[in-house]
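This briefing walks through one protein model, going from its overall makeup to its strand pairing, its core and its charged side chains. Please keep the sequence and the structure in view while reading.

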Amino acid sequence: MALLLLSAAPAWALDADSEQPMFVEADAAELDEKQSISLYIGNVEVQQGSMRIRADEVLVHHKPNRQPRKIIAVGNPVRYRQLLDNDPEEVRARAQRMEYEADREEITLIDDAELIQGEDRFVSDRIVYNRITDRLTAGSSARGRERVKIRIEPESGGSDSGQ
């Protein structure tokens, strides 16, 4: 019973980010054109538009046009942040492993996963967000093993104390 479809669930990513070039910095890189993969090792920083990923290791599976098809980042932890469409708040996340499927526009945070947007916070062993459907799942709904912990702060602006 860990399915989350909340109005407080994040709407990730600026639409223009996917159209921007990707920049990667790392201590070492291995490129395999035949397999269409690239591996970046050591203090890896990935930037595409407003999206930033910091990890110990990043593996990128490329499409024929060299755009990312799948990104797998591993770290202690992997850190992610990105600006949102129509929202000044940036979403931040961390996990031991992060997988991004570009065609499905789906990000999966695995092991010690935490997602923060503003004052709202989601914690579980597995969090999956699909940007196309605006659907966030966590815990057993996302094939995780742990319960989901959520903190949703009330919006400030109106006082509805009921007194």
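How many salt bridges does the count come to? The count comes to 9 salt bridges, and several of them are taken up below. The model is a predicted one, and the points that follow are grouped by topic.

**Overall makeup**

- The secondary structure of the protein comes to 11 strands and 0 helices, so that the order of elements from the N terminus on reads β-β-β-β-β-β-β-β-β-β-β.
- The protein has 163 residues, of which 40% count as buried, and it exposes about 10,100 Å², with carbon and sulfur atoms supplying 43% of that area.
- Among the contacts in the protein with a separation of 6 or more, 42% are accounted for by residues 24 or more positions apart.

**Strands 8, 9 and 10**

- Strand 8 and strand 9 pair in the antiparallel sense over 10 bridges, and in the hairpin that they form, with 2 residues between the strands, G118 takes a positive phi near 65 degrees.
- Strand 9 also pairs with strand 10, again in the antiparallel sense, over 4 bridges; the hairpin of these two strands has 4 residues between them, and there D134 takes a positive phi near 55 degrees.
- Individual positions show the register of these pairings: E114 stands opposite V123 in strand 9, I127 stands opposite A138 in strand 10, and V128 has T137 of strand 10 as its bridge partner.
- Strand 9 is mostly covered, given that 9 of its 11 residues are buried.

**The nonpolar core**

- The largest nonpolar core has 27 residues, and those with the most contacts inside it are I53, V58, Y80, M98, L109 and I127.
- Two or more residues of this core come from each of strand 4 (37-48), strand 5 (51-62), strand 6 (68-84), strand 7 (87-101), strand 8 (106-117), strand 9 (120-130) and strand 10 (135-138).
- As general background, nonpolar side chains in soluble globular proteins tend to be buried together.
- V58 is in contact with S38, L39, Y40, V44, V46, I71, I72 and A73, once its neighbours within four places in sequence are left aside.
- I127, named above for its contacts inside the core, is also the residue that stands opposite A138 in strand 10.

**L59 in strand 5**

- L59 lies in strand 5, and it counts as partly exposed because its relative accessibility is 24%, where the partly exposed range begins at 20%.
- Leaving aside neighbours within four places in sequence, L59 is in contact with I37, S38, L39, K70, I71 and I72.
- For one of these partners, S38, the C-alpha atom is separated from that of L59 by 5.8 Å, although the two residues are 21 residues apart along the chain.

**Charged side chains**

- The side chains of E99 and K70 meet in a salt bridge with an N to O distance of 4.0 Å; E99 lies in strand 7 and K70 in strand 6, so this pair ties together parts that are 29 residues apart in sequence.
- Both E99 and K70 are buried, and for E99 the relative accessible area is 16%.
- E99 forms a further salt bridge with R97, in which the closest N and O atoms are 2.6 Å apart, while R97 counts as partly exposed at 30% relative accessibility.
- R121 and E114 form a salt bridge whose closest N and O atoms are 2.4 Å apart; R121 counts as partly exposed at 32% relative accessibility, whereas E114 counts as buried at 10%.
- Salt bridges that share partners join K70, R97, E99 and E101 into one network.
- In general terms, side chains of opposite charge can pair when their charged atoms come close.

**A buried polar side chain**

- Which residue does a polar contact of 2.2 Å join to Q82 through their side chains? The partner is Y80, which is also among the residues with the most contacts inside the largest nonpolar core.
- Q82 is found in strand 6, and it counts as buried because its relative accessibility is 6%.

Notes: Residues are numbered from 1 along each chain as its sequence is written. This is a predicted model: local features need pLDDT of at least 70, side-chain atom pairs count only at pLDDT 80 or more; totals for chains, interfaces and linings use all residues. Side-chain values use heavy atoms; hydrogens and water are left out. A nonpolar core is a set of buried Ala, Val, Leu, Ile, Met, Phe, Trp, Tyr and Cys residues joined through side-chain atoms within 4.5 Å. Buried means under 20% relative accessible area, exposed over 50%, partly exposed in between (1.4 Å probe, protein chains only). Contact means heavy atoms within 4.5 Å. Two strands pair if DSSP finds at least two bridges between them. A polar contact is a pair of N or O atoms within 3.5 Å; within protein, one must be able to donate a hydrogen and the other to accept it, and residues adjacent in sequence count only if both atoms are side-chain atoms. Accessible areas come from the Shrake-Rupley method with a 1.4 Å probe; for residues, only the protein chains shown count as cover.
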